[in-house]
Amino acid sequence: MNNNRFESNQRYFTICVYTIIVVAVSCVIFRVVFHLGDTIDLIKNFMSNIASFLVGILISFIVSPFVNYIHDRILIKRLHIKNKKTTKILSILFAYIIVLGFIGICLVYVIPQLIASITDLSANIPAMYVAFSSWLRNLAYDWEFINNDIVNDVIDNLSPKIMEFSTNLVSQIIPWLYSASVAVVKWFITIIIAIVVSIYLLSDKKIIFHTIRRILYAIFSKSMADKLIDIAKNCNQIFTGYIIAKAIDSLIIGILCCFVMNLLSLPYSVLISVIVGITNMIPYFGPYIGAMPGIFILAVMDLRFGLIFAIMILAIQQFDGLILGPRLLGDSMGLRPILILFAITFGGAYFGVAGMFLGVPVIAVVQYLCDLWIEHRLREKNIVVKKLKEDSPNDHSRNIFVLLNNRLAQHSHMTNDVKNADKVNQESKEDGKTDDKNADKMNQESKEDSKTDDKNTDKVNQENKEDGDFDEKNKD
């Protein structure tokens, strides 16, 4: 009986789990690749259904620093309230009163001025078009290389379109307001649900974090769970820190732009300042995107207004880039400009304006995680990679001077080598001539010696012959 009893095997159980995971992932990849359109529609439908929860999570991220500040700095340190439940409720209540009150003031005072500015701008479009066309004609008259016929054709073709656009803008403002109001009502319901979700998230924040910690400690070892918790805290700090700091920076820039425009008596100050403040959330390109509509609108009204506004925006952006931005953001991102440009381009291409806003903090978090993984792998391999020293401008000029000296020295060495080679070749030629002369001399001496030997041989032969003749005579 005991032989037929089922016995668990940890090894085969692990193999089965991995097999199920691989099959499930393969099915998901097959579904995504071969049914891409259906998958995108499914994702969009899913995201629209949980939009309230996603917005609630985002609101809780934004309101959480205010809640922490009111709870720690005001209620506990200043007011010395000891009851934890009371401090939690009051901190959440005061934080939402501050945030929603600020949004309500903006809606009450800014929205009517925006509507008035848009209405006034639509009414002034024909006059602005006349001024712009006369400016083009004067420009073509002053500059002879510009063809007047082309300018007149452009103006004549644009005239009915501009008039139609201005009349349609006024006539269609009521349907647009109706559709906008319907969308606002839908978004209002979504925002109400999101606010309720964010309140519950902030209220149960400690319980949620405690549950996540328990899950992590149950799955991973204690050291690994501690590392994951620290990584999650740092990622949260990078993401929320950038969003809050950039929002405060854009708010200050928008208010400063409106104040300076009113001080310089420039029209449409509220409308243009709202555009500048919103687009300032986009790094690098945002200030230019926000400045172009304002420059165009004001330049069409009066060229001096456009020039003054362009100089004003340039000064404000210098203040933002050199003073305000570093104080608010600091070096918390640690991103190189090429990565920021990639985040803006990629996020804007695939996720629109929201992608341009959130692309930078997302890339910052990804870079932080990649740096942690790289450092971990280098520590395992016991490798230390030294940082390259960045050269200053003086070092760069000095390096160029040293490079020129090295090139000159190499050129002089090459010249000397050529001269030495020529000298050696000349000496070798002279040695060759001397050797040829010595060889000729030796050949001459050898010839003379051979002649002497021949003479001696002939003489010996003559003497031998005479001795032979003398012996023959004696015999006779």
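**Helices, cores and ring pairs**

Biologist: Between which two helices is the loop in which Asn-382 is found?
Modeller: This is a predicted model in which local features need pLDDT of at least 70, side-chain atom pairs count only at pLDDT 80 or more, and totals for chains, interfaces and linings use all residues. Residues are numbered from 1 along each chain as its sequence is written, and side-chain values use heavy atoms, with hydrogens and water left out. Helices (H or I, at least four residues) and strands (E, at least two) are DSSP runs numbered from the N terminus. In these terms, the loop holding Asn-382 lies between helix 13 and helix 14 (393–475).

Biologist: Is Asn-382 buried or exposed?
Modeller: Asn-382 has a positive phi of about 60° although it is not a glycine. Buried stands for under 20% relative accessible area, exposed for over 50% and partly exposed for what lies in between, with a 1.4 Å probe and protein chains only. Because its relative accessibility is 71%, Asn-382 counts as exposed.

Biologist: What is the relative accessible area of His-80?
Modeller: His-80, found in the loop between helix 3 (51–76) and helix 4 (84–123), has a phi near 55°, a positive value in a residue other than glycine. His-80 is exposed, and its relative accessible area is 52%.

Biologist: How many helices does the secondary structure of the protein come to?
Modeller: Read along the sequence, the pattern is an uninterrupted run of α elements. The secondary structure comes to zero strands and 14 helices.

Biologist: Which residues touch the most other members of the largest nonpolar core?
Modeller: A nonpolar core is a set of buried Ala, Val, Leu, Ile, Met, Phe, Trp, Tyr and Cys residues joined through side-chain atoms within 4.5 Å. Of the 17 residues in the largest one, those touching the most other members are Ile-238, Ile-282, Leu-335, Ile-340, Ile-344 and Val-360.

Biologist: Which helix gives the most to this core?
Modeller: Two or more residues come from each of helix 9 (222–263) and helix 13 (337–381). With 10 residues, the element that gives the most to this core is helix 13.

Biologist: Which residues does Ile-282 touch, not counting residues up to four places away in sequence?
Modeller: Contact means heavy atoms within 4.5 Å. With residues up to four places away left out, Ile-282 touches Pro-287, Ile-344, Met-356 and Phe-357.

Biologist: How many residues are in the second, separate core?
Modeller: This second core includes Ile-272, Leu-298, Phe-309 and Ile-316. Separate from the core described before, its number of residues is 16.

Biologist: At roughly what angle do the axes of helix 9 and helix 13 cross?
Modeller: Axes are lines fitted to C-alpha atoms, for helices over the stretch in contact, and angles run from 0 to 180 degrees between N-to-C directions. The axes of helix 9 and helix 13 come within 9 Å and cross at roughly 155°.

Biologist: Why is helix 9 described as roughly antiparallel to helix 13?
Modeller: Angles under 35 degrees count as roughly parallel, over 145 as roughly antiparallel, 65 to 115 as roughly perpendicular and the rest as oblique. The contact includes Ile-238 and Tyr-242 of helix 9 and Val-360 and Tyr-368 of helix 13. The crossing angle therefore makes helix 9, relative to helix 13, roughly antiparallel.

Biologist: How far apart are the axes of helix 11 and helix 12?
Modeller: Helix 11 (residues 285–301) and helix 12 (residues 303–329) pack at an angle of about 160°, and the distance between their axes is 7 Å. That angle makes helix 11 roughly antiparallel to helix 12. Among the residues in contact are Gly-294 and Leu-298 of helix 11 and Gly-306 and Phe-309 of helix 12, and the axes of helix 11 and helix 12 are apart by 7 Å.

Biologist: How many aromatic pairs does the structure hold?
Modeller: Rings of Phe, Tyr and Trp (its six-membered ring) pair if their centres lie within 6.5 Å, and planes under 30 degrees apart count as stacked, over 60 as edge-to-face and the rest as tilted. The number of aromatic pairs in the structure is two.

Biologist: At what angle are the planes of Phe-30 and Phe-34?
Modeller: The ring centres of Phe-30 and Phe-34 are 4.6 Å apart. The pair is tilted because its planes are at 40°.

Biologist: Is Phe-34 buried or exposed?
Modeller: Phe-30 and Phe-34 lie in helix 1 (residues 10–34), four residues apart, about one turn of the helix. Phe-30 is partly exposed at 49% relative accessible area. At 57% relative accessibility, Phe-34 counts as exposed.

Biologist: How far apart are the ring centres of Phe-342 and Phe-346?
Modeller: The planes of Phe-342 and Phe-346 are at 20°, so the pair is stacked. These residues lie in helix 13, four residues apart. Their ring centres are apart by 5.7 Å.
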